[in-house]
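Please open the model in your viewer and keep the sequence panel beside it, since each stop on this tour begins with a selection.

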Amino acid sequence: MTDADYILKAISLAKLGLGHTWPNPLVGAVIVKNGRIIGQGYHQSYGNVHAEVDALNNCTESPEGASIYVNLEPCCHTNKQTPPCAQRLVQEKIKKVVIANLDPNPAVNGKGVELLKANGIEVVAGVEKEQGEKLNEVFFHAQKNKKPFIHLKLATSLDGKIALANGESKWITGETSRFTVHQLRAHHQGVIIGAQTLRDDNPKLNVRIPDYQGKQPFRIIFTESGKLPQGAEVFCDELKNQTLIYTQKNISFSHPKENIIIVSSLHEAMNDLFERKMISLLIEGGAQLATAFLRERLVNRISLFMNPSFIGEGKFSIGDLGLKSLSDRLKLREVESTWTGEDLYLTGRLF
């Protein structure tokens, strides 16, 4: 196997932590000695040991003189919950370290590589770099921009409608797509909706997958008026303390004060969410909120579930974006497509 093969295996291992490591990155590690894998591991959850340590703990023999393949630069700082990995690799007398990406965290960002090299360890960086960037697009964005990564989910008909003119919207897409949406929820720290969606649909915004044992996402409500239905599920169920409200006016009913945040703009709300270590957020509705996020250039990825049907007169998924020319239109890149049951599923990067 080549260096690239081992890095791709590390990336595959890293994906096992999806939805559990935020605000930490996804990291996997493979330890190879004399052409044999003697240890492998991944970062399983926030606060748990890092991938390199997990792989070392799983070694079937001494790692002295071995090579380790890890998709992200080993950390070297101590201002975190777990011991630094680069120093541990030196201690274990690892001979070679191969990585896909440098860690954009200013506390690391090349310092881990420098420490390894200073201790006589060979370092090879940039192997399967693009795959590593794709894996950790959320973490990289948050570190570089100090804002959450926003993923917009849309479910529409072929003519771009999300509901009939009378508001009926259940269900435009099929059961398989709705199951996929629950998987998306499981992979994000929070789910965002607007006040009108809350009033119209009274959604639970939780993960309803059989035998699911992971974390439930925060429910995040945006309202300009502060007028919200006090009896809504998100304010009354067992997860009510995981409901955050961002409002331009105060809320008149009982809800934990620390969960009611008065802001003047979406950017101010994003800053507050980042301070709360919320870096991976999914917008689920509605059209007014999605349009506002798009106008402010705050959406980083879009996932579209498109049912092969026409509605005609109805509610559009997106409103006026204020474009003056076709050259200004928002374009997805790195687009991937597949079928989820009867629906076409497209996902791609925006900003």
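Is F179 buried, exposed or partly exposed? In this predicted model, F179 has a relative accessible area of 36%, which places it between the cut-offs of 20% for buried and 50% for exposed, and it is therefore partly exposed. Select F179 in helix 7, which covers residues 175-186, and then display I209 and P210, which F179 touches when residues up to four places away in sequence are not counted. If you add V138, you will find its C-alpha 22 Å from that of F179, with the two positions 41 residues apart in sequence numbering.

Next, select helix 1, residues 3-14, whose 12 residues reach 17 Å from the first C-alpha to the last, close to the 16 Å expected at 1.5 Å a residue. Colour Y6, I7, A10, I11, L13 and A14, which are buried, and look down the helix axis: these buried residues fall within an arc of 160 degrees, so they line one face of helix 1. Among the elements that cover them are strand 1 (28-33), strand 3 (67-72) and helix 5 (129-135).

Then move to strand 8, residues 190-194, where 5 of the 5 residues are buried, so the strand is largely enclosed by the rest of the structure. G190, I192 and G194 lie on one side of strand 8, with V191 and I193 on the other, and both faces are covered. Strand 8 runs parallel to strand 9 (residues 218-223), joined to it by 5 bridges, and G194 has F222 as its bridge partner there. Following the chain from strand 8 through helix 8 (residues 195-201) to strand 9, you trace a right-handed β-α-β crossover. Finally, show strand 12 (residues 280-285), which is parallel to strand 8 and joined to it by 4 bridges, with V191 standing opposite L282.

Conventions:
Residues are numbered from 1 along each chain as its sequence is written. This is a predicted model: local features need pLDDT of at least 70, side-chain atom pairs count only at pLDDT 80 or more; totals for chains, interfaces and linings use all residues. Side-chain values use heavy atoms; hydrogens and water are left out. Helices (H or I, at least four residues) and strands (E, at least two) are DSSP runs, numbered from the N terminus. Buried means under 20% relative accessible area, exposed over 50%, partly exposed in between (1.4 Å probe, protein chains only). Contact means heavy atoms within 4.5 Å. The expected span of a helix is 1.5 Å times one less than its number of residues. The arc is that of the directions from the helix axis to the C-beta atoms. Two strands pair if DSSP finds at least two bridges between them. A crossover is right-handed if, with the strands pointing away from the viewer, the path from the first strand over the helix to the second runs clockwise.
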